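Let's take a tour of a protein model together. Have a look at the structure first, then read on.

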Amino acid sequence: MTDDDGIPQDVLVATLAEGWDQAPRQSPGMLGIRVINWRTLGNADAPEVWTDLREWVVWFTHRYNLASRKIPPCWFKHGALVEELSALHTAWLVSYDSLDAGYGPIGWHERLAVAIPRLASWYNGECHNGHTELPQTGDDAVPTEWADWIGRSHAGG
C-alpha cells in the first residue's frame, strides 16, 4: 500500500518511528502537549507550570462565566481542583491544536460538561483549610500569596 505520493506505507511508518522518542515534548502539534503530573513536578518547572495554569484558569473562568462557588480565587490551594483544572487545560490545548481534525472543540465541550459537576463537588462552596474568605476582586490581579504558594508547594519536590 502507498500514499498519494507513491511512498510505500511501511517506509512512512519506519520514517515516523525514527527519532520518535527524541521528539521535543513542547513543540507545536498534538505530540507537543505537555501533560502535568503534579506528583512528580520538579521545582525548576513549577513556576512556569503554575503560571501557565493560572493564566488559563483566569481566561477559562471569565470566558465561561464560572462563579466563585465553583472555582474560588483560592483554587490553587485545593488539590482536587488543581488536578481537574489541569486536566481540563491539557484537554483544551489538545482540542485546539492546529493538527486537530476539527472535532476537538466539541469534544472539549463534551468533557467540560462532565467536569463541571466534579468541579462543584471538589470545592462545594467552602474552604476547609482556614482560607474561607473569598475576595471578589473582579479582575485578573495576581493574589498576594501566589508567589509564596508556588515556591512552597514544591519545596523539596
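## The big picture

Start with how much is tucked away: of the 157 residues in the protein chain, 31% count as buried. Keep in mind that this is a predicted model. The accessible surface of the protein chain comes to about 10300 Å², and carbon and sulfur atoms account for 54% of that area.

What is the protein chain built from? It has 5 helices and 0 strands, so reading along the sequence gives you the pattern α-α-α-α-α. As for contacts, take those between residues at least 6 apart in sequence: 67% of them join residues at least 24 apart.

## A walk along helix 2

Now zoom in on helix 2, which covers residues 46-63. How far apart should its ends be? At 1.5 Å a residue, its 18 residues should span 26 Å. The end C-alpha atoms of helix 2 are 25 Å apart, which agrees with that expectation. Right after helix 2 comes N65, and its phi is positive, near 50 degrees.

Which residues of helix 2 are buried? They are A46, V49, W50, L53, R54, W56, V57, V58, F60 and T61. And what covers them? The cover includes helix 3 (79-95), helix 4 (104-123) and helix 5 (146-152).

## Rings that pair up

Time for the aromatic rings. A pair of aromatic rings is described by the distance of the centres and the angle of the planes. A search of the whole structure turns up 13 aromatic pairs. One of them is F60 with Y64: the ring centres are 5.4 Å apart and the planes sit at 45 degrees, so this pair is tilted.

Are these two partners buried or exposed? F60 has 0% relative accessibility, so it counts as buried. Y64 has a relative accessible area of 26%, and because buried means under 20% and exposed means over 50%, Y64 is partly exposed.

Another aromatic pair is W75 with F76, which is edge-to-face: 5.8 Å from centre to centre, with 90 degrees between the planes. W75 has a relative accessible area of 6%, so it is buried. F76, at 2% relative accessibility, counts as buried too.

## A cluster of rings

Pairs can also join up. Which residues do ring pairs link into a cluster? They are W56, W59, F60, Y64, W92, Y96 and W108. You have already met some of these names: W56 and F60 are among the buried residues of helix 2, and Y64 is the tilted partner of F60.

Conventions: Residues are numbered from 1 along each chain as its sequence is written. This is a predicted model: local features need pLDDT of at least 70, side-chain atom pairs count only at pLDDT 80 or more; totals for chains, interfaces and linings use all residues. Side-chain values use heavy atoms; hydrogens and water are left out. Helices (H or I, at least four residues) and strands (E, at least two) are DSSP runs, numbered from the N terminus. Buried means under 20% relative accessible area, exposed over 50%, partly exposed in between (1.4 Å probe, protein chains only). Contact means heavy atoms within 4.5 Å. Accessible areas come from the Shrake-Rupley method with a 1.4 Å probe; for residues, only the protein chains shown count as cover. The expected span of a helix is 1.5 Å times one less than its number of residues. Rings of Phe, Tyr and Trp (its six-membered ring) pair if their centres lie within 6.5 Å; planes under 30 degrees apart count as stacked, over 60 as edge-to-face and the rest as tilted.
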